[in-house]
Amino acid sequence: MKYYSTNGKVEPVSFKEAIFKGLPDDNGLFMPEMIPTLPPSFFEEISTLSLPEIGFEVIKPFVNGEIPDSELKELIEDVLSFDIPLVKVKNGVYSLELFHGPTLAFKDVGARFLARSLSYFTRKEEKKLTVLVATSGDTGSAVANGFYNVPNIDVIILYPTGKVSAFQEQQMTTLGGNITALEVDGTFDDCQKLVKEAFLDEELKAELNLTSANSINMARLLPQSVYYFYAWAQLSQEDKKKVVFSIPSGNYGNLSAGLIAQKMGLPIHHFLACSNANDTVPLYLWNGRFQPKPSVATISNAMDVGNPSNFVRMLDIFDGSHLEMSNTISGYAYTDESTRNTIQKVYALTGYILDPHGAVGYMGLIDHLASNEGTGIVLETAHPVKFNQTVEQEIGMRVALPSHVESTNLEKKSVSFSTDFADFKSFLLDE
Ligand SMILES: *Cc1c(COP(=O)(O)O)cnc(C)c1O
């Protein structure tokens with residue numbers, strides 16, 4: 001299995017090269033040359049398999065023996081060591097709780113797989129690796145946690161100052177060690193731009209061994225396909241008809257991973273791409289025009305992305321056809337006000353506590369199911385406690401921190417930066 005660039009101007013590379021490079025040199029994104037279909041026997045026995053067992057079968061073809069099976073199995077058991085339960089909210093509507101990992105958001109899955117895969121390959125080589133990551137909040141926390149104390153790897157996290165929650169900032173800035181947090185005076189898009197520029201800079205490429213941990217990295221994306229299969233495995237026979245996945249989206253990594261799962265043979269009937277005011281992709285699905293714009297701040301801040309990177313992967317999967325894409329995916333976009341109302345109403349009616357991101361997905365699901373048949377599954381991408389200020393206002397009670405997450409009183413350590421690439425570059429060269 002090789003990985004090609006969506007821009008098609010470079011030779012396909014191995015799994016190892018794809019995850020170390022992060023981005024191909026022609027500024028496209030890597031995609032697997034072939035998306036294999038899993039055998040019928042896998043789907044017949046899927047309900048009897050554990051999450052790591054499903055994970056191994058789904059990920060194995062993409063790693064193509066570059067990590068031997070026995071080690072890959074162990075690695076995946078370590079990555080998927082927390083549950084991803086499918087919880088019934090009401091008849092025909094389920095929440096896939098992706099937030100039971102150490103930083104309480106789905107990004108733990110991809111970040112842990114990337115960290116452990118890179119570490120598998122660097123273990124033998126005495127080469128130091130620098131991981132750059134731009135974050136609107138959750139990526140930074142998950143990457144910091146997933147890479148903390150991983151030998152031979154330094155991590156540099158860029159986040160927009162004042163635009164991440166206190167909890168997220170604490171998770172990114174208090175670990176220290178091999179984790180450095182840069183507080184950028186700008187937006188998430190500015191952070192992402194700095195990272196992209198660094199990867200295209202000849203001098204940096206020559207001096208440093210750089211890789212990315214954003215959702216553009218294949219090793220972040222692939223394991224995210226796993227939980228679509230696991231959700232399916234948890235559905236009753238009766239509910240396995242016309243399964244609709246609703247995905248609260250920002251950079252569209254989760255949605256792209258769902259499309260890969262569908263291509264592997266998982267019978268997903270339809271996808272919903274749900275956004276906040278950053279509605280670039282829903283607009284494209286409605287009118288066929290992809291017009292990136294500056295991001296705007298919302299209460300579902302992990303989805304504040306105006307120019308979603310994984311859109312090119314979505315296009316690639318549908319061979320550039322708007323018609324094909326809009327037959328498979330419907331777009332929905334919501335205001336903060338309706339997000340707040342939904343958190344309040346769903347709690348009042350069902351007792352289920354949504355976080356602002358899940359609430360965006362939930363609205364899309366309810367709106368879609370109002371005029372379409374099917375079993376609905378919303379990806380609940382973060383624990384409500386991560387956004388407790390918003391959530392507690394709506395439900396009128398405190399949300400408790402799960403017991404496996406320690407609250408730390410460690411000191412915040414971050415370095416302040418402008419959006420000027422020259423400053424960032426000299427910082428990297430001085431490291
Ligand atoms: C990152 C994130 C999203 C967006 O996921 P993408 O894969 O970038 O679309 C949604 N919700 C939460 C809580 C997130 O952290």
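Q: By class, which residues make up the shell around the ligand?

A: Happy to help! In this predicted model, local features need pLDDT of at least 70 and side-chain atom pairs count only at pLDDT 80 or more, while totals for chains, interfaces and linings use all residues. Residues are numbered from 1 along each chain as its sequence is written, and side-chain values use heavy atoms, leaving out hydrogens and water. Ala, Val, Leu, Ile, Met, Phe, Trp, Tyr, Cys and Pro count as nonpolar, Asp, Glu, Lys and Arg as charged, and the others, Gly among them, as polar. Here the shell has six nonpolar, seven polar and two charged residues.

Q: How many residues surround the ligand, and which are the closest?

A: A residue is near a molecule if one of its heavy atoms lies within 4 Å of it. Here 15 residues surround the ligand, with Lys107, Asp138, Gly250, Tyr252 and Thr381 the closest.

Q: Which side chain has an N or O atom 2.7 Å from a nitrogen atom of the ligand?

A: A polar contact to the ligand is a pair of N or O atoms within 3.5 Å. That side chain belongs to Thr381. A backbone N or O atom of Tyr252 lies 2.8 Å from a ligand oxygen, and a polar backbone atom of Asn254 is 2.9 Å from an oxygen atom of the ligand.

Note on methods: A polar contact is a pair of N or O atoms within 3.5 Å; within protein, one must be able to donate a hydrogen and the other to accept it, and residues adjacent in sequence count only if both atoms are side-chain atoms.
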